[in-house]
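Biologist: Let us go through this model strand by strand. Short answers, please.

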Amino acid sequence: MLRPEQILYEDNHLLVINKPAGVVTQGASADQTSLGHQAKHYLKTKYHKPGNVFLGFVSRLDKLTTGVILLARTSKAAARLTEAFKNRKVSKTYEALVERADLPDSDTLTDFVRKNDAARKMETCHPEARNGQQAILHFQLLNHYQSATHLEINLETGRKHQIRIQFSNFGCPILGDRKYNSAINFSNGIALHSTQLTINHPTTKELLTFKAPLPTEWNSWMQ
């Protein structure tokens, strides 16, 4: 069930949620729930809606990732927001705790990545490799702590597991991310958080920014 404090914004066209770790966005197996199921139940219950509840999934977060996720409550909003994401008119900011590394204050990571279906993960590849896609992100050093480095990250491209594979390839995997070579236990999910999302409202065109506070699990690492 969605808790009231998870709702960051809501109107007739949008539902913005602070997603917890361990919940898939959609497509959960029969014995699991998904954020989509929870959101539909929330809307159906709150507004006493009969029948099916429409939700457009215009953005997604990995199961282990936390933070801002945007859902569309109308087909018109879904179509316009999908187009905005496609044309890179949406600004997304992430924060991550990575294994302690000496990083420059700000920089850009550029790789080519592709799916490794056999391993059920992404991998870096040669620029001319079959099915390879360029992955670009920009990061800024926020702080060094005793056991972790705190980064702010902005994506230029939106590849599957992009932040996770690129920082693993750079030699500083995200805390708790066993799939991408982290050897450190993290208490809940991984230390990757969608902190902020900025869009133009699909109908009013108003510029909106949504922010999600860092999970409490981060506190013990940020000292």
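Modeller: Start with a pairing in a predicted model. In β8, Ser106 has Gln140 as its bridge partner.

Biologist: Which strand pairs with β8 through that region, and over how many bridges?

Modeller: The partner strand is β6, residues 106–116. β8 spans residues 133–144. The two run antiparallel, and the number of bridges joining them is eight.

Biologist: Is Gln140 buried, partly exposed or exposed?

Modeller: Gln140 sits in strand β8. Buried would need under 20% relative accessible area, and exposed over 50%. Gln140 has 39%, so the class is partly exposed.

Biologist: How far apart in space are Gln140 and Phe167?

Modeller: Along the sequence, 27 residues separate Gln140 and Phe167. From C-alpha to C-alpha, the distance is 13 Å.

Biologist: How many residues lie between β8 and β9 in their hairpin?

Modeller: β8 and β9 pair antiparallel, with seven bridges. One contact is Phe139, whose bridge partner in β9 is Ile153. The hairpin formed by β8 and β9 has a linker, and its residue count is three.

Biologist: Which residue in β9 is the bridge partner of Glu99?

Modeller: β9 covers residues 148–155 and also pairs with β5. That pairing is antiparallel, over seven bridges. For Glu99, the bridge partner in β9 is Ala148.

Biologist: Which residue in β10 stands opposite Glu95?

Modeller: β5 and β10 run antiparallel and are joined by six bridges. Opposite Glu95, in β10, stands His193.

Biologist: How many of the nine residues of β5 are buried?

Modeller: β5 runs over residues 91–99. Its bridges go to β9 and to β10. The strand is mostly covered, and the buried count is seven.

Biologist: Is Thr66 buried or exposed?

Modeller: Thr66 is found in strand β4, residues 66–72. The cut-off for buried is under 20% relative accessible area. Thr66 has 6%, so Thr66 is buried.

Biologist: What distance separates the C-alpha atoms of Thr66 and Ser194?

Modeller: Thr66 and Ser194 are 128 residues apart along the chain. In space, their C-alpha atoms are separated by 6.1 Å.

Biologist: Now the surface. Which residues form the positive patch, and where does Lys205 lie?

Modeller: The positive surface patch is made by Lys76, Arg80, Lys89 and Lys205. Lys205 is placed after β10 (192–200) and before β11 (207–211), in the loop between β10 and β11.

Conventions: Residues are numbered from 1 along each chain as its sequence is written. This is a predicted model: local features need pLDDT of at least 70, side-chain atom pairs count only at pLDDT 80 or more; totals for chains, interfaces and linings use all residues. Side-chain values use heavy atoms; hydrogens and water are left out. Patches are made of residues with over 30% relative accessible area and no salt bridge: like charges are joined within 9 Å, nonpolar side chains (Val, Leu, Ile, Met, Phe, Trp, Tyr) within 5 Å. Accessible areas come from the Shrake-Rupley method with a 1.4 Å probe; for residues, only the protein chains shown count as cover. A salt bridge is a side-chain nitrogen of Lys or Arg within 4 Å of a carboxyl oxygen of Asp or Glu. Lys and Arg count as positive and Asp and Glu as negative; His and the chain ends are not counted. The place of a charge is taken as NZ of Lys, CZ of Arg, CG of Asp or CD of Glu. Helices (H or I, at least four residues) and strands (E, at least two) are DSSP runs, numbered from the N terminus. Buried means under 20% relative accessible area, exposed over 50%, partly exposed in between (1.4 Å probe, protein chains only). Two strands pair if DSSP finds at least two bridges between them.
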